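Morning, everyone. Let me put the model up, and then we'll walk through it.

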There are 2 protein chains.
Amino acid sequence: MARKAKASKPSANGKKELLRQTMLDAAAKLFAERGFAGTNLQDIADALGTSRPLLYYYFPNKEEILASLVEEVTVSSQHQSTRIAVSTDTNPGETLRFMTASHAKLLLDHAVAFRVVDRSEADLPAAIRKVHDTAKRAVFDNFSSVIARGAQIGHFRPVDPQLSAFGILGMCSWTAWWFKPSGRLSLQQVADGIADLAVHSVQRQEARRPKTSAISDALQILREDIDHLELVTKSRSG
Amino acid sequence: MARKAKASKPSANGKKELLRQTMLDAAAKLFAERGFAGTNLQDIADALGTSRPLLYYYFPNKEEILASLVEEVTVSSQHQSTRIAVSTDTNPGETLRFMTASHAKLLLDHAVAFRVVDRSEADLPAAIRKVHDTAKRAVFDNFSSVIARGAQIGHFRPVDPQLSAFGILGMCSWTAWWFKPSGRLSLQQVADGIADLAVHSVQRQEARRPKTSAISDALQILREDIDHLELVTKSRSG
């Protein structure tokens, strides 16, 4: 069902879409800085160096901008996580890893918009609030379903699927507040790292390795695992 | 160093403290509902059914209330996590479990105050902001230190301590936004559940080792072993 973007030179529609996105980004930035109530359309037009009528053409009012931000963040998250949730051919661990990394990446790619929507939640006009709440709930359900399925087949520990979903979504959401593009880790590294923590937080564990800082023990573990690799390769070539 | 509360009938000081706390809670609730800027001292006095002079006696201005909320939430978190971090007699897994459960519980016990402080971060007067930032940074350092220590002695996987600390703090912080006292899980169950996810997210696993026959997995395990050996040797030579 996904529409594919045509790989051609920017059409009139493409240019319009680009302008619309630029306006949306500028508005999100101002909302983040001054709050939704503290920003008016004139401020946004000023920040863009454009005329108010041109802005009106795309966004007749501030609520329209907020609705677009909800689409860009919450509704996109809903569609993305639903697409991943229904691909039941992979094991729950890989599904959860992909779902978490994709969710974190989407939030980080739209960090300003996400922060604005998150902060404005209580002030969203009823119709937009409904869309936002429904989408947010669907994302939550997608996460808790894959966790419940993993726990059911013994791939995950017998964790509480709802609590775990809240925990993992919390890790993802928080990234939009602390991540700095100029920092030590790239956006992709953060998304993958969070997904790695998420999977391990619920995955079933067997006996622990020796809790030791002795080099001899670390070498022993290494030896065991080389033995294991040898076994694996032997069984392939044999 | 902790002062013990005297188990006696409420003294004059005890009554004062109780009244002060009641005022603080009422103010936090109004700030959460109407925003800091949208609330004045008269609103708080009205909500309490008290006179403005009495409120003034405890809180000469709104900033004073905000400073008290920062003390109650961020500075308390700092002291608590520092106390736990220095108790190096327990293993890193147990330290991280206790630190996370205690942090989540503190945030949930002061959920409204935490939400107000979190939302008002950008608007905090400079002096209060400095206290808040320092305490928040100390909490982060306490979490990343215990994770780094756990990774160094091979108790934890070779995770990124900073990224993991952000992830775990994100799980804790998020609880203050979704937890409902009337819900299926008690406050203590949520705090313990989040701590359980946190510990498992970083703890070393053995489970995958014997289970897999993929060469790529065996190589991945070897890589983790080498990372661990590197950490161990580094800590020796450092």
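Start with burial. In chain A, 36% of the 238 residues are buried. Bear in mind that this is a predicted model.

Now the secondary structure. How many helices and how many strands does chain A have? Ten helices, zero strands. Read chain A from the N terminus and the order is α-α-α-α-α-α-α-α-α-α.

Next, contacts. Take those in chain A with a separation of 6 or more. Of these, 72% link residues 24 or more positions apart.

On to domains. The assignment splits chain A in two: domain 1 covers 12-60, and domain 2 covers 65-202. How far apart are the C-alpha centres of these two domains of chain A? The answer is 27 Å.

What about the contact between them? On one side, eight residues of domain 1 of chain A take part; on the other, ten residues of domain 2 of chain A. Look at the domain 1 side of that contact in chain A. Seven of its residues are nonpolar, one is charged, and none is polar.

Last stop, chain B. Go to helix H6 of chain B, residues 111-120. Which of its residues are buried? They are B:Ala111, B:Ala113, B:Phe114, B:Val116, B:Val117 and B:Ser120.

And what covers these buried residues of H6(B)? Several helices of chain B are part of the cover. Before H6(B) in the numbering, they include H1 (12-34), H4 (62-85) and H5 (92-109). After H6(B), they include H7 (126-152) and H8 (161-178).

That's the tour. Over to you.

Methods
Residues are numbered from 1 along each chain as its sequence is written. Chains are lettered from A and ligands numbered from 1 in the order in which they are written. This is a predicted model: local features need pLDDT of at least 70, side-chain atom pairs count only at pLDDT 80 or more; totals for chains, interfaces and linings use all residues. Domain bounds come from an automatic or database domain assignment. Two residues are in contact if their C-beta atoms, placed from the backbone, lie within 7 Å. Ala, Val, Leu, Ile, Met, Phe, Trp, Tyr, Cys and Pro count as nonpolar, Asp, Glu, Lys and Arg as charged, and the others, Gly among them, as polar. Helices (H or I, at least four residues) and strands (E, at least two) are DSSP runs, numbered from the N terminus. A residue is buried if 20 or more other C-beta atoms lie within 10 Å of its own, exposed if 12 or fewer, and partly exposed in between; C-beta atoms are placed from the backbone.
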